[in-house]
Amino acid sequence: MTRIVCLLLTNELQAHAALLQVALAHSPRAEDAGAGCIYLDASGLQSLFGDDARLAERLRDAAFAVGLAIRVGVAASRLGALAAARLGAGVTVVEPGGDAASLATAPLALLTLSEPLATRLSRWGLRTLGELAALPTAGLFERAGAEGVQAQRLARGEDPRPLASWRPVTAFEESVECEWGLETLEPVVERLSELATQLCGRLGARGLAADGFEWVCRLAGGCAHEGALTPAVPLTEAAAVTGLLRLALEARPPRGIVEGLTLRARPTRAGAVQESLTDPSRPSPRFLAATMNRLVALVGSDRIGAPALLDSHRPDAVGLGAYASPSPRRGEGRVRAPVLALRRLRPPAPAAVTLASGRPVAMRSSRLAGRIVAGVGPWRSSGEWWTRQPWLQDEWDVELADGTLCRLAHDGSAWHIAGIYD
């Protein structure tokens with residue numbers, strides 16, 4: 001018989017780590033659900049601590065002993081235990097087989113739903129888990145897919161997934177002491193290469209890669225020389241890491257005698273990606289990372305990165321951000337519907353536009369020319385009025401007689417083509 005206990009902090013600012021230790025002291029299987037919430041497996045603990053009520057009281061007393069105020073819920077599923085802890089007072093025990101009845105009046109917000117599914121259920125007028133559980137399963141699957149059926153099972157107290165047992169985070173860090181001190185750069189790189197080999201071996205043994213590295217050179221006199229690098233792709237090759245470290249240290253070498261070195265790796269699980277038979281082959285991660293860091297050494301780190309949208313309403317407000325680790329996307333491998341994308345022109349192309357009744361009916365520029373057969377707009381946008389360079393413009397999306405779609409913009413004095421739709 002499965003029994004799940006939920007430990008819920010009444011104040012999320014309290015020590016979450018201390019709550020986790022309380023759970024692990026009573027059960028070898030505990031799941032960290034974050035935000036002051038811990039689940040633990042209470043199956044088979046009756047011989048040690050008594051029935052569910054006694055175990056729950058013991059957990060609450062153990063938390064109080066370390067300065068934590070918690071609510072405890074016991075049920076046969078995670079959601080049932082969470083509802084008991086969140087909606088009950090102090091200690092709440094749901095009898096075996098009673099999860100569905102106890103969840104019937106609980107709010108639908110207890111479920112973690114995707115935004116589309118949450119919006120759909122709200123439009124249907126569903127407010128409680130009991131209302132979701134009462135829907136016909138076949139009809140729910142036709143309208144909400146597998147996610148809707150899974151949510152309904154949870155609402156009925158069915159939770160087949162086992163607890164994800166908490167494990168301490170492995171620190172990927174290696175250090176070495178240099179008894180005689182290192183005065184030149186080459187021996188420093190050699191020792192860092194040894195540390196990189198050890199780290200990459202540990203990462204590879206766990207099926208991980210590193211998307212960032214940090215190093216600390218402890219200098220004579222108590223000073224420290226620190227640095228960090230972010231490769232363009234996660235790495236597990238010691239030779240590639242060594243090459244990046246060499247480039248970074250050559251650009252900013254330590255100023256003094258190095259008496260100790262520490263190298264840290266930030267682990268990540270890079271998803272396997274199937275190579276396409278038609279797309280060009282991807283470059284070697286080693287060569288790509290080395291090339292990117294050579295560019296950083298030449299032009300500076302603030303001029304190398306991935307495009308990132310800026311927090312502004314100004315059109316084409318983009319900047320450079322850090323590279324994100326590639327990860328598998330939902331729906332990978334499925335046929336996706338075509339997406340209309342706007343290709344921005346930088347700089348915008350000047351254009352001469354003919355108006356009729358205040359609407360563009362024809363345009364001519366070095367890029368495009370023709371009669372406008374359809375158009376929507378204008379959309380006025382403005383911003384940065386509090387600076388010395390405010391901006392304001394009206395935008396139109398228009399279709400030319402040859403089928404070309406483009407965006408026209410007027411800044412109050414002149415027209416220009418802001419972009420062309422692909």
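Biologist: Let me start with a small one: which residue in E3 stands opposite Glu31?
Modeller: In this predicted model, Tyr39 of E3 is the residue opposite Glu31.

Biologist: And what makes E2 and E3 a pair?
Modeller: The cut-off for pairing is at least two bridges. E2 and strand E3 (residues 37-41) have 4 bridges, in the antiparallel sense, so they qualify as a pair.

Biologist: What is the strand order in that open sheet?
Modeller: Its 5 strands run E2-E3-E1-E4-E5, and the pairing is mixed.

Biologist: What makes E2 and E5 edge strands?
Modeller: Strand E2 (30-34) and strand E5 (91-93) each pair on one side only. On average, neighbouring strands in this sheet are turned by 15° against each other, direction ignored. Helix H3 (residues 52-65) packs on the sheet, where it touches strand E1 (4-9), E3, strand E4 (70-75) and E5. The direction of H3 makes about 155° with that of E4.

Biologist: On to the other open sheet. Which order do its 4 strands take?
Modeller: The order is E6-E9-E7-E8, and the pairing is antiparallel.

Biologist: Why do E6 and E8 count as standing at the edges?
Modeller: Each has a single partner strand, so one side of E6 and one side of E8 have no neighbour in the sheet. Here, too, neighbouring strands are turned by 15° against each other on average, direction ignored.

Biologist: How do you know that E7 and E9 pair?
Modeller: Two bridges would be enough. Strand E7 (residues 209-219) and strand E9 (residues 258-268) have 9, antiparallel, so they clear the cut-off. One example is Val216, whose bridge partner in E9 is Thr262. Helix H9 lies across E6, E7 and E9, and runs at about 160° to E6.

Biologist: Now cysteines. Why is there no bond between Cys6 and Cys37?
Modeller: A disulfide needs the two sulfur atoms within 2.5 Å. Cys37 holds the closest cysteine sulfur to that of Cys6, but it is 3.7 Å away, too far for a bond. The count of disulfides in the structure is 0.

Biologist: How do you know that Cys178 isn't bonded to Cys217?
Modeller: By the same 2.5 Å cut-off. The sulfur of Cys217 is the closest cysteine sulfur to Cys178, and at 8.7 Å it is too far for a bond.

Biologist: Why are Cys6 and Cys178 called buried?
Modeller: Buried means under 20% relative accessible area. Cys6 has 0% and Cys178 has 6%, so both make the cut.

Biologist: Then salt bridges. What makes Arg202 and Glu174 a salt bridge?
Modeller: The cut-off is 4 Å between the side-chain nitrogen and the carboxyl oxygen. The closest N and O atoms of Arg202 and Glu174 are 3.0 Å apart, so the pair counts. It links distant parts of the chain: Arg202 sits in helix H9 (residues 185-205) and Glu174 in strand E6 (residues 173-182), 28 residues apart.

Biologist: Is Arg202 or Glu174 buried or partly exposed?
Modeller: Arg202 is partly exposed at 22%, whereas Glu174 is buried at 16%. The 20% cut-off falls between the two values.

Biologist: How do you know that Arg343 and Asp422 form a salt bridge?
Modeller: Their closest N and O atoms are 2.7 Å apart, and 4 Å is the limit. Arg343 is in strand E12 (residues 342-356) and Asp422 in the segment after strand E17 (415-421), so this pair ties together parts that are 79 residues apart in sequence.

Biologist: Why does Asp422 count as exposed?
Modeller: Its relative accessibility is 52%, and exposed means over 50%.

Biologist: What makes Glu395 and Arg407 a salt bridge?
Modeller: Their closest N and O atoms lie 3.6 Å apart, which is again within 4 Å. Both residues are buried. Elsewhere, salt bridges with shared partners join Glu31, Arg78, Asp159 and Arg161 into one network. The count for the structure is 18 salt bridges.

Biologist: Last pair. Why are Gly227 and Ser365 called buried?
Modeller: Gly227 has 14% relative accessibility and Ser365 has 16%, so each falls under 20%. Gly227 lies in strand E8 (residues 224-229), and beyond its sequence neighbours within four places it contacts Phe213, Glu214, Trp215 and Arg252. Ser365 is in strand E13 (residues 359-365); with its neighbours within four places left aside, Ser365 contacts Pro350, Ala351 and Ile417.

Conventions:
Residues numbered from 1 in each chain as written. Predicted model: local features only at pLDDT ≥ 70, side-chain atom pairs only at ≥ 80, totals over all residues. Heavy atoms only, no water. Helix = DSSP H or I, 4+ residues; strand = E, 2+ residues; numbered from the N terminus. Buried < 20%, exposed > 50% of the residue type's maximum accessible area, 1.4 Å probe, protein only. Contact = heavy atoms within 4.5 Å. Axes fitted to C-alpha atoms, helices over the stretch in contact; angles between N-to-C directions.
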